[in-house]
Amino acid sequence: MIEQLPAILVLTPVFGAMLVGLFGTKDPRACFPIVIVTLTLTLITAFLSAHQVFTNGTIDYFMGGWEEPLGIGIHLRIDGINALVLCAIAVVVWLVTFFSVRRFGAEDTEKTPQFYILYQLLCVGLFGITIAGDTFNLFVLVEISSLTSYGLIAMGSSRRGTFAAFNYVLMGTVGASFYLLGVGYLFLKTGSLNMQDIHTILATNSAVAESKAVTIAFLFILVGIWIKMAFFPLYGWLPNAYSYCPSTTACTLAPLMTKVSVYVMIRVMLGVFGYEWVFQHEGWSDLVVWLAVIAILSGSVLALAQREIKRMLCYLIVAEVGYMVGGAWIADPDHWGFTGAIYHILADAMMTLCLFLAAGIFAKRLGAVQISDLEGLFKKMPLTSIGFVVGALAMIGVPPTCGFFSKFYLIRGGIEGGHWEYVIALLISSLVNAVLFFRIFEIAYFGNKPAEGHDHGHHEETEQGGAQQGSVSGQNPLGTGLLSREAPATALFPLLAAAAIILLLGIFNGPIVALIRGALEGLPAL
Amino acid sequence: MDFIRETIQPHFNFWIYVILMMIGLWAVIAKNNLIKKLIGLSIFQTAIILLYVSLGVKDGATIPILDHHAEEVEMAEHAEEAEHGVELVPGHEIGPANGGRHALADTIANPLPHVLMLTAIVVGVATLGVALSISQMVFKEFGTLEENEILEQLKAGNTDD
């Protein structure tokens, strides 16, 4: 049983999707129990395999017993890094399942079984991407997760969402095709598709490793993955696709798709081409870190310009992707950049989940789409506010939350690697996040004068006006009970759980970082 | 003529694949009609399939099916190599990385890229299906498939908000 864990992990949601197709289409009430059982199973499997990896070392799994050298088998590999990513994915999809009960936050109630089928197939794709040990299988699994996410995004009733989904299909397919093209060039030179195999060939055969075709392959693969993760010049599809889709979809895709793509980039860098091969190229590291700096700054500035909550969060994702890519490309001698980037994958998945869940609840309960709609939020929904505040503080990087520690490790990497521009960009971005979220807190706590709703330039006036507003609303307490406008338990549970995980990740950052550094141990210092 | 003979002719497949890919990419970026964009996307994917299929091709090679009679003939022809043990490992014949080449490697086309492309074609068809159904939804919502008209409608909607 234990040695079959990777296969169980990927196949359980497939069978779950089939069961929903069989029974859920007859009676939509059967959907949720099936989904929650399968995803609980995958959650347990993910943690079991992580435990297995950290006690006994890397798990290599060959489907059907077709061992590597044939180059045609399905190879699944769980190592110290992707075991953590797997756990993050499993936790996020498990929590979002509760949020999706009775399609809370989603606009269309007719398509419940279809939604759950796509949702579980998306899980298959995400788990598969994380543990695939073969470059071509990775392409197929990327396409599985992309196709399901196109469907999930297009399910919304908003016409903008439909058009955004179409643009996402175009961008996503071009990205995946670039990746496939890169794999083709790599296959041309090495004659292998297996990641480990390619890694050994590139490490031992210098004629192959130095050929232009391999460099071109790396660039194609990198650009393909960058499109998928919405890295700086290629993020055009993300804000529309994620802000106009149903809330449940946004809560799943926003925390996972970009982070899993970042993990794929790290895996391609370390597991396929190898650390030494990537960083032997003069100037690449500087170029990508500068791109990351622009990503961070432009994401932050654009987030500041948004009036809609979800769009603001989407631009924050663009900035966060910049953090992680920059961290992975710093190439400091002690690998703090890599450590920070991997820790930030976990932290950011939880922070984004928390904020998007909160935004989904606001949209459903208060009809709040604009930031200015959040007036009086803390009084109306105290529990939701707690979750939102924890997520926001983590995004800013306030100490007990995981957001602080991931920034700490990234900045340490930036300093040791001598990339001061990256350090400065991180600090500026933190400041911008602070401005963003404290503006929201201010509106939510004190209320806002309509004329100044989006103007953050006049702090004094806003404070005065806010104080008046606050006293006015203080005289009119809400009618029936404190929790009367609070979100239902199925929506509150994932939000508060995500907030708790943010705090736990932060408090226990030491052991987690020790695990990451243990997995990175084999890397040479440059 | 020399340019054609020396540069284009030996790599004809690759030239065509690059040209097709550029046509596809241009259509995806520049065309205004959503269906034309999808046609471009399809051409783009087909170009990559052409690249992969070209990788498996060898001059004078046959289909990769183990025929016992043919195998005996080959064995006789390559008696020397046969002594070192002939085994068919289709994935590893091309490229210098593998060190020594197998005895039958030159007579059998590499089937692996073709198998991969079967999967990629299926993926491409699925993508096209999803994209076409989404474009149908777009048509229902906007009543048009021209990108500029859709963007105008979206802009008009923006000012209404």
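Let's start with chain B. Read along its sequence, the pattern is α-α-α-α-α-α-α. That is seven helices and zero strands. Keep in mind that this is a predicted model.

How much of chain B is buried? Of its 161 residues, 26% are buried. Now the contacts inside this chain. Take those between residues at least 6 apart in sequence. Of these, 56% join residues at least 24 apart.

Next, the place where the two chains meet. How many residues does each chain bring to the contact? Chain A brings 35 residues, and chain B brings 35 residues. Let's look at the chain A side. Three helices of chain A each supply at least two residues to the side that touches chain B. They are helix 5, at 135–154, helix 6, at 159–190, and helix 8, at 206–209. Which helix of chain A gives the most to this side? Helix 6 does, with 18 residues. And what kinds of residues make up the side of chain A that touches chain B? Nonpolar residues number 21. Ten are polar, and four are charged.

Last, confidence in chain A. The average pLDDT of chain A is 83. At least 70 is the score for 89% of its residues. Where does the pLDDT of chain A lie below 50? Look at residues 451–480. In the model, that stretch still has 31 contacts beyond near neighbours in sequence.

To recap. Chain B has seven helices and zero strands. On chain A, helix 6 gives the most to the side touching chain B. And in chain A, residues 451–480 have a pLDDT below 50.

Methods. Residues are numbered from 1 along each chain as its sequence is written. Chains are lettered from A and ligands numbered from 1 in the order in which they are written. This is a predicted model: local features need pLDDT of at least 70, side-chain atom pairs count only at pLDDT 80 or more; totals for chains, interfaces and linings use all residues. Two residues are in contact if their C-beta atoms, placed from the backbone, lie within 7 Å. Helices (H or I, at least four residues) and strands (E, at least two) are DSSP runs, numbered from the N terminus. Ala, Val, Leu, Ile, Met, Phe, Trp, Tyr, Cys and Pro count as nonpolar, Asp, Glu, Lys and Arg as charged, and the others, Gly among them, as polar. A residue is buried if 20 or more other C-beta atoms lie within 10 Å of its own, exposed if 12 or fewer, and partly exposed in between; C-beta atoms are placed from the backbone. pLDDT is the predictor's confidence in each residue, from 0 to 100.
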